[in-house]
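Reader: I should be grateful for a close look at a single part of this structure, namely its sheet. Please explain how the strands are arranged and what lies against them.

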Amino acid sequence: AGAQTSEVDVVIKAFLNEFPTVIGYVVLNGEGIPVRWCANMPYPRAVMYSALLSDFLNNCKRCLRELLTGPGDSELQHVRLRTKEGTEIICTSASEYTIVVIQNCTGSPWVVEEEDGAKAEG
(Lines give C-alpha, C1' and ligand atoms only; values in the text may rest on other atoms or scores of the structure.)
Protein backbone atom coordinates (compact mmCIF):
# COMPACT_ATOMS: atom_id res chain seq x y z
CA ALA A 1 0.00 0.00 0.00
CA GLY A 2 2.93 2.33 0.69
CA ALA A 3 4.20 2.12 -2.89
CA GLN A 4 0.71 2.84 -4.23
CA THR A 5 0.39 5.88 -1.98
CA SER A 6 3.63 7.43 -3.20
CA GLU A 7 2.72 6.65 -6.81
CA VAL A 8 -0.66 8.36 -6.38
CA ASP A 9 1.05 11.37 -4.78
CA VAL A 10 3.47 11.62 -7.73
CA VAL A 11 0.61 11.48 -10.25
CA ILE A 12 -1.43 14.10 -8.37
CA LYS A 13 1.59 16.41 -8.01
CA ALA A 14 2.35 16.13 -11.75
CA PHE A 15 -1.32 16.76 -12.57
CA LEU A 16 -1.42 19.89 -10.40
CA ASN A 17 1.81 21.19 -11.94
CA GLU A 18 0.49 20.59 -15.45
CA PHE A 19 -2.85 22.30 -14.76
CA PRO A 20 -2.27 25.39 -12.58
CA THR A 21 -5.94 26.38 -12.82
CA VAL A 22 -6.91 23.48 -10.54
CA ILE A 23 -7.94 24.95 -7.19
CA GLY A 24 -9.04 21.75 -5.50
CA TYR A 25 -9.59 18.02 -5.85
CA VAL A 26 -11.03 15.03 -4.03
CA VAL A 27 -10.35 11.36 -4.81
CA LEU A 28 -13.25 9.04 -3.90
CA ASN A 29 -13.19 5.28 -3.55
CA GLY A 30 -15.93 3.08 -5.00
CA GLU A 31 -18.16 3.71 -1.98
CA GLY A 32 -17.96 7.51 -2.33
CA ILE A 33 -15.60 7.98 0.63
CA PRO A 34 -12.87 10.62 0.21
CA VAL A 35 -9.47 8.92 0.31
CA ARG A 36 -7.38 11.94 -0.71
CA TRP A 37 -8.06 15.66 -1.09
CA CYS A 38 -6.07 18.84 -1.62
CA ALA A 39 -4.27 20.47 1.28
CA ASN A 40 -6.29 23.71 1.14
CA MET A 41 -9.64 21.89 1.39
CA PRO A 42 -10.93 21.21 4.91
CA TYR A 43 -12.00 17.62 5.58
CA PRO A 44 -15.72 18.51 6.06
CA ARG A 45 -15.73 20.16 2.62
CA ALA A 46 -14.09 17.08 1.06
CA VAL A 47 -16.81 14.92 2.64
CA MET A 48 -19.49 17.28 1.32
CA TYR A 49 -18.11 17.14 -2.25
CA SER A 50 -17.84 13.34 -1.95
CA ALA A 51 -21.37 12.80 -0.70
CA LEU A 52 -23.11 15.18 -3.08
CA LEU A 53 -21.17 14.35 -6.22
CA SER A 54 -21.11 10.57 -5.76
CA ASP A 55 -24.91 10.68 -5.44
CA PHE A 56 -25.12 12.97 -8.50
CA LEU A 57 -22.85 10.67 -10.55
CA ASN A 58 -24.86 7.60 -9.60
CA ASN A 59 -28.03 9.36 -10.79
CA CYS A 60 -26.31 10.34 -14.05
CA LYS A 61 -25.22 6.73 -14.62
CA ARG A 62 -28.74 5.46 -13.95
CA CYS A 63 -30.25 8.00 -16.35
CA LEU A 64 -27.80 7.07 -19.11
CA ARG A 65 -28.62 3.37 -18.70
CA GLU A 66 -32.32 4.19 -19.13
CA LEU A 67 -31.87 6.59 -22.05
CA LEU A 68 -29.27 4.73 -24.10
CA THR A 69 -29.80 1.06 -24.81
CA GLY A 70 -26.84 0.13 -27.06
CA PRO A 71 -23.93 -1.85 -25.63
CA GLY A 72 -21.27 0.51 -24.26
CA ASP A 73 -23.38 3.57 -25.09
CA SER A 74 -24.59 4.02 -21.55
CA GLU A 75 -21.23 4.10 -19.76
CA LEU A 76 -20.58 7.48 -18.08
CA GLN A 77 -17.01 8.73 -18.54
CA HIS A 78 -16.96 12.29 -17.19
CA VAL A 79 -19.25 15.03 -16.05
CA ARG A 80 -18.43 18.76 -16.23
CA LEU A 81 -20.41 21.37 -14.35
CA ARG A 82 -19.73 25.07 -14.93
CA THR A 83 -20.77 27.58 -12.26
CA LYS A 84 -21.67 31.27 -12.56
CA GLU A 85 -18.65 32.09 -10.38
CA GLY A 86 -16.32 30.82 -13.10
CA THR A 87 -15.39 27.42 -11.74
CA GLU A 88 -15.81 24.01 -13.28
CA ILE A 89 -16.34 20.80 -11.36
CA ILE A 90 -15.05 17.88 -13.40
CA CYS A 91 -15.75 14.29 -12.29
CA THR A 92 -13.98 11.34 -13.90
CA SER A 93 -14.18 7.69 -12.89
CA ALA A 94 -11.36 5.20 -13.39
CA SER A 95 -11.64 1.62 -12.16
CA GLU A 96 -12.85 1.83 -8.55
CA TYR A 97 -11.89 5.48 -7.99
CA THR A 98 -13.41 8.81 -8.97
CA ILE A 99 -11.55 12.11 -9.03
CA VAL A 100 -13.43 15.37 -8.59
CA VAL A 101 -11.47 18.42 -9.76
CA ILE A 102 -12.43 22.02 -9.11
CA GLN A 103 -10.95 24.34 -11.73
CA ASN A 104 -10.73 28.13 -11.93
CA CYS A 105 -11.90 29.27 -15.37
CA THR A 106 -11.92 33.02 -14.73
CA GLY A 107 -8.36 33.77 -15.85
CA SER A 108 -7.70 35.69 -12.62
CA PRO A 109 -6.23 34.51 -9.31
CA TRP A 110 -8.78 32.61 -7.26
CA VAL A 111 -9.78 34.03 -3.86
CA VAL A 112 -10.70 31.28 -1.42
CA GLU A 113 -13.16 32.12 1.33
CA GLU A 114 -12.37 30.57 4.69
CA GLU A 115 -15.09 28.68 6.56
CA ASP A 116 -15.62 31.68 8.88
CA GLY A 117 -16.22 34.03 5.93
CA ALA A 118 -12.74 35.62 5.83
CA LYS A 119 -10.91 35.70 2.49
CA ALA A 120 -7.58 34.01 1.81
CA GLU A 121 -5.61 33.93 -1.45
CA GLY A 122 -5.74 30.57 -3.23
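Author: Two strands are said to pair if DSSP finds at least two bridges between them. In this predicted model, β3 and β4 satisfy that condition, for five bridges join these antiparallel strands. Within this pair, histidine 78 is placed opposite threonine 92 of β4.

From β4 one may proceed to β5. These two strands are joined by eight bridges, again in the antiparallel sense, and threonine 92 has isoleucine 99 of β5 opposite it. The connection between β4 and β5 is a hairpin with two residues between the strands. In that turn, serine 95 has a positive phi of about 50°.

On β5 there is a further pairing to consider. β1 and β5 run antiparallel and are joined by six bridges; here leucine 28 stands opposite threonine 98 in β5.

The whole arrangement can now be stated. Five strands make up an open sheet, in the order β2-β1-β5-β4-β3, with antiparallel pairing. The edges are taken by β2 (34–37) and β3 (78–82), and each of these has a single partner strand, so one side of each is left without a neighbour in the sheet. On average, neighbouring strands are turned by 15° against each other, direction ignored.

The situation of β5 deserves separate mention. Six of its eight residues are buried, so β5 is largely enclosed by the rest of the structure. Buried here means under 20% relative accessible area.

Next comes the helix that accompanies the sheet. α2 lies across β1, β2, β3, β4 and β5, and runs at about 120° to β2.

Helix and strands also share a nonpolar core. The largest such core has 18 residues, and among those with the most contacts inside it are Val26, Met41, Leu53, Ile89 and Val100. Two or more residues each come from β1 (22–28), α2 (43–67), β4 (87–94) and β5 (97–104). The most is given by α2, with five residues. In soluble globular proteins, nonpolar side chains tend to be buried together.

Tyrosine 49 offers a view of this core from one residue. Tyr49 is itself listed among the core residues with the most contacts. Leaving aside neighbours within four places in sequence, tyrosine 49 is in contact with Val26, Met41, Ser54, Ile89, Val100 and Ile102.

Terms used: Residues are numbered from 1 along each chain as its sequence is written. This is a predicted model: local features need pLDDT of at least 70, side-chain atom pairs count only at pLDDT 80 or more; totals for chains, interfaces and linings use all residues. Side-chain values use heavy atoms; hydrogens and water are left out. A nonpolar core is a set of buried Ala, Val, Leu, Ile, Met, Phe, Trp, Tyr and Cys residues joined through side-chain atoms within 4.5 Å. Buried means under 20% relative accessible area, exposed over 50%, partly exposed in between (1.4 Å probe, protein chains only). Helices (H or I, at least four residues) and strands (E, at least two) are DSSP runs, numbered from the N terminus. Contact means heavy atoms within 4.5 Å. Axes are lines fitted to C-alpha atoms, for helices over the stretch in contact, and angles run from 0 to 180 degrees between N-to-C directions.
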